Structure formats: C-alpha cells, structure tokens
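The following exercises concern backbone geometry and burial in a predicted model. Please study the sequence and the structure before attempting each task.

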Amino acid sequence: MRKYVICCLVVGFVCLSAGLVSAGQIKDAPILSRLPLDCMDPISIACGDDLAGSNIGATNEVDLYGCIGYGMSGGEVVYELIVDLRRIFDIHLIPDECDLGLFLLGTCDEYNCLIHSDGIVPLDPEHITYELWPGTYYIVVDGYIGEDENIAFECDFELSVECSEPIWENYCDLVMEPSCNGVVYGDFTGSANHFSDFMDGCGGPPNIQAFGAEDWYSVRVNPGGFVYATVLFEQAGAALWIFDSCVEPFDCLSFYSLNYTSAGGSYENTTDEANEIFIVVDSNFSGGPYALTLNCTGDVVPTEHITWDKVKVLFR
Ligand SMILES: [Ca+2]
Ligand SMILES: [Ca+2]
Ligand SMILES: [Ca+2]
C-alpha cells in the first residue's frame, strides 16, 4: 500500500490506471513499474545448472519489461548469469502449476530485455534460446496475474541453463589489401552486419553498438613491426577491431574509441615469428564512406586473401 501511495503522489494519472487494473475494471492494461529491479542479491546460475526455485511470497518490484506490453505483477526471482565464453544459451523454466514468465536481461534493468518467453497457455513451460557474448546478464522469473483467478501466479519451479558452441564463421574471403602509410577509402553500401561488439579482450566496451557492416583488411607484421590503424567516418559512429585471425573464434588484439566518428587500434609484433593481423572496420550503421589510415613501422606487408573464386574472376 505504501508503494501505491507514493505512486499516487508522483504520477496521478498512472495511479489512476493502476488502480483500475487492480480493481479488475481494465484487463490487460499495462501497469507501470513502481520500483527498479532488485539485483542486489541474485542467485548465481551457470551452464549445466538445473535449479529448484520458487516465487511464492517474492516481492513484486517490477511489472513491465522492455520486451512485453503487459504487466507481470507477480513477485520475481532474479538470477545472475556470468558468461565467460560466447555460447548459445538454452534456458528452460518449468513451473509447478502456475503462470510464470521468463526474461533475459542485458543488464540489471527490466527495460534492457533481450528476449522473453511467456506463452499463451498459462501453465506451460517457458523456453529461451539466445546467443550471448562474454558479460554479466540477468535471468528473471516473474508471475503473471491474469483474468482467471483459478490460475496461480506463484509456485515452485525448475530453472535450467544449457550451453552449446556457437556457429563459428569464416570471414577470410572478405579480406582486402590495405595501404601501409597511406589511406584507404571505403564505403559500406550493400554490405552486411556480422557482429556488433567484442567487449572482452578489446580494452572495454566501445561507445557504440557496431550494428553496421564490417570491412576486413590484413597485414603481415614481421618481428619488430608495428601498426597503428585509425578509421574516420563521415556520417557514422566508428569502431575498429584488430583480430589475430579471420576464422572464429578469434582474439581481439586491440580496439579503442577516439571519439564518436573515429576509432583506432595498434599492434606490435614482439615475437620472433611473422604474424598476420586483421584490421576490421565497423560502424554503428551501414552506409557511408570512411577513411582507413595505417601507420606502419618496421617490416609490415599489406596482404589480401585471394580465394579460388577471386582467382577465377581474374582469369575470366
Ligand atoms: Ca513482477
Ligand atoms: Ca507463462
Ligand atoms: Ca558490425
């Protein structure tokens, strides 16, 4: 009741609609959240876990999530999922005779909802399949209070997480030859987005989500060689990754964001063997020209991956 009174003082019209819903006069109307999601004491869950849980008596902190348009006004149970390796996650929720919903959040924020499962049949199990990159995520089990008072919104449940290897891509056919100590002008028109971030191993998250297409370049860096690469976009937010391979899973050797439209990375070969590195230009949306500048010192040789298809085109 205290929460309800605070709500009334802050936003009168919100309170009015919430009051009507609680009185059963408006069905399926959204109920706005009153408290932020509580992630202070989450339950840890990891690949291979199969945990017994319950939302009986759990506090209702949040109703709305970013991925649904109706209220989950039962109490919720919050799980923390720490991802070390990119994996495909299968999350199963089996309720024991009540109507539960399953939510996967990118951060401790119910509006940062990556995907959810709450099927039409109230007592059915819920299931999510989603590929996650390294980071910390939250799984929330919440209860739905529907029109049928015979259907409970609190019960015991079973929550399990299974992981499988993602599909690794081979980008080598895309690799183009850059110019050392020169500028390459590119344009993304017509290309596709394959990935959006490499938060781990790249020195922290970029300041953009790189939903734009990628252009691949490579150089062979002989021992003692050094490369500093920068990309500047005219119209888009820039990202530039340096990878050790064009076949996943590759390691990110370098990335840093200079400002919104430019990004850079550097690599120094301190080993006694030649290493090929892959410089990947990315951006927050596709389309638009960019300029890639490489400053090379020591023995650095720009390379290109000539595939059999490309050879056939050359001799056609
Ligand atoms: Ca809730
Ligand atoms: Ca459900
Ligand atoms: Ca991208």
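**Exercise 1: Asn 181**

Asn 181 is situated in the loop that links strand S10 (175–176) and strand S11 (182–187). State the sign of its phi angle, and determine whether Asn 181 is buried or exposed.

*Solution.* Step 1: most residues other than glycine have a negative phi. Step 2: Asn 181 is not a glycine, yet its phi is positive, at about 55°. Step 3: a residue counts as exposed if 12 or fewer other C-beta atoms lie within 10 Å of its own. Step 4: Asn 181 has 10 other C-beta atoms within 10 Å, so Asn 181 is exposed.

**Exercise 2: Glu 97**

Locate Glu 97 among the strands, then describe its phi angle and its exposure.

*Solution.* Step 1: Glu 97 belongs to the loop between strand S4 (87–95) and strand S5 (100–105). Step 2: although Glu 97 is not a glycine, its phi is positive, at about 65°. Step 3: Glu 97 has 11 other C-beta atoms within 10 Å and is therefore exposed.

**Exercise 3: Pro 249**

Is the peptide bond from Glu 248 to Pro 249 cis or trans, and where does Pro 249 lie?

*Solution.* Step 1: most peptide bonds are trans. Step 2: the bond from Glu 248 to Pro 249 has omega near 0° and is cis. Step 3: Pro 249 lies in the loop between strand S14 (238–243) and strand S15 (252–254).

**Exercise 4: The whole chain**

How many helices and strands does the protein chain contain, and what percentage of its residues is buried?

*Solution.* Step 1: the protein chain has three helices and 20 strands. Step 2: of its 316 residues, 30% are buried.

Note on methods. Residues numbered from 1 in each chain as written. Chains lettered and ligands numbered in written order. Predicted model: local features only at pLDDT ≥ 70, side-chain atom pairs only at ≥ 80, totals over all residues. Helix = DSSP H or I, 4+ residues; strand = E, 2+ residues; numbered from the N terminus. Buried ≥ 20, exposed ≤ 12 C-beta atoms within 10 Å, placed from the backbone.
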